[in-house]
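This report concerns the internal spaces of a protein model and the strand pairing found within it. The sequence and structure are shown first.

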Amino acid sequence: MNSLERIRTDVVGSLLRPQRWKEARLQFELGKLAAAEFARLELDCVKSHLALQESAGLDVVSDGELSRLNFQDSFGLAVSGYDTAREDVATHERRAVGGTPLARWDIPDLAGPGTPVVHRRPVVRKLALERNVPLEEYRRAAPLTRKPVKVALIGPDRVMQRFDHGASRSVYRSVDDFMADVVRIQRRMVEELARAGCRYIHIDEPGYTAYVDQPSLAAMKSRGEDPGENFQRSLAANREIAAAIPGVTFAIHLCRGNQKSMWHREGSYDAIAEQLFNELPHRRFLLEYDSPRAGGFAPLRFVPRDKVVVLGLVSTKLPRLEETGDLMRRIEAAAKYVPLERLAISPQCGFGSDVSGNLISEDDQKRKLERVVEVARQVWR
């Protein structure tokens, strides 16, 4: 394993947007703030995000996904070809209206107009890469820190699940044809990141927990889809995207939804664990494990000896700070299935997967990042 594969602390990617950024973004959207002035303020906020993670002592840092209104914009804003509509901060705030924190959120508008992948959208022409959003983020952040900068891309499984194939058959005759273009585009994105010097690329696959969540499985079947075929198709896509790029550590992250402290899916990893851990080439698996919705650690027995499990034990949804002793006991329990030298710790998800952010404060966020590092230092010294 190289040094990035062995690190003991990790971050998922997104951080809370500072209030000054939100206010400036609203002014920018209204045409009351020049693009250059907004870019200067945004850069200053990125510097603050990097400084926060550096001061906490994390092994890798992220730009906080500050420029994205939603974590899935890494693909949705990068490509052309979808039938889409412009979105702004207010649009995203409205999506969460009516939801209850710490309760299941049945996303109300997947078929509505909006940014692709955030919404279930058809295409009107073949997909094409217009701008490499993660590459732009990496090039902005990398010169500002001495820490390794990781970037996150939404994975092909989620892209597939948010593709309205029924309304797109004139463009893509089959889902396989669509996925071939998704893989081609995302492969190009990660190759460009590697050439730019990025050494840690993280794939977000929240869609994989759909294969253990009964309502999600029922929704696939209602659309005439075979969940088993979908799972195999997406595993193959992820293998191709991450294959044979020397010097780059690939990670994959699974969660169960993260919108304004709400969640979207539940179910343990048992049904998918053996295939997931053994058929993907990714060397680090960032797994949500902060609540009973994720089940127990027994599925980790399928993790191969050359891979690391990053335990997402620290909640980004709750302001309550986890006790150090409780976290250490949970790591000890996981070590019954994966040796301690192949474990690490992180927050369970991003703090701001969407621009609205979770219902915690920036001080809560800081203390939780520091707790991740504190526990890692005590467990692995």
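The sections below treat the open pocket, the enclosed cavities and one central topic of strand pairing.

## Basis of the report

The structure is a predicted model. Residue numbers start from 1 along each chain as its sequence is written.

## The largest pocket

The largest pocket encloses a volume of about 520 Å³. Its lining comprises 28 residues, and those closest to the pocket centre are R25, S67, D73, L77 and R131.

Several secondary-structure elements contribute to this lining. At least two residues each come from the helices α2 (19-29), α3 (35-56), α4 (73-76) and α6 (133-141), and likewise from strand β1 (79-82). Classified by residue type, the lining of the largest pocket holds 11 charged, 10 nonpolar and seven polar residues.

## The enclosed cavities

Searching the whole structure yields two cavities of 30 Å³ or more. The largest cavity contains about 270 Å³ of space. It is lined by 26 residues, of which F71, Q72, R158, G257 and N258 are the closest to its centre. The lining of this largest cavity is made up of 11 polar, eight charged and seven nonpolar residues.

The second largest cavity contains about 50 Å³. Its lining consists of G13, S62, D63, E65, R68, E137, Y138, V149, K150, V151 and A152. Helix α6 and strand β3 (151-154) each provide at least two of these residues; α6 also supplies at least two residues to the lining of the largest pocket. By class, five residues lining the second largest cavity are charged, four are nonpolar and two are polar.

## Strand β4 and its partners

Strand β4 spans residues 200-204, and five of its five residues are buried. How are these residues distributed over the two faces of β4? Y200, H202 and D204 lie on one side, whereas I201 and I203 lie on the other, and both faces are covered. In a regular strand, side chains alternate between the two faces of the sheet.

Strand β4 pairs with β3 in the parallel sense over four bridges. It also pairs in the parallel sense with strand β5 (residues 249-254), here over five bridges. D204 takes part in both pairings: D204 is the bridge partner of I154, and D204 stands opposite H253 in β5. D204 is also one of the buried residues of β4.

How values were computed:
This is a predicted model: local features need pLDDT of at least 70, side-chain atom pairs count only at pLDDT 80 or more; totals for chains, interfaces and linings use all residues. Side-chain values use heavy atoms; hydrogens and water are left out. On a 1 Å grid over the protein atoms alone, a cavity is a set of points where a 1.4 Å probe fits but cannot get out, and a pocket is an open set with protein on both sides within 12 Å along at least five of seven lines; lining residues have an atom within 4 Å of a point. Grid points are joined across faces, edges and corners, and a volume is the space filled by probe spheres set on the points. Ala, Val, Leu, Ile, Met, Phe, Trp, Tyr, Cys and Pro count as nonpolar, Asp, Glu, Lys and Arg as charged, and the others, Gly among them, as polar. Buried means under 20% relative accessible area, exposed over 50%, partly exposed in between (1.4 Å probe, protein chains only). Two strands pair if DSSP finds at least two bridges between them.
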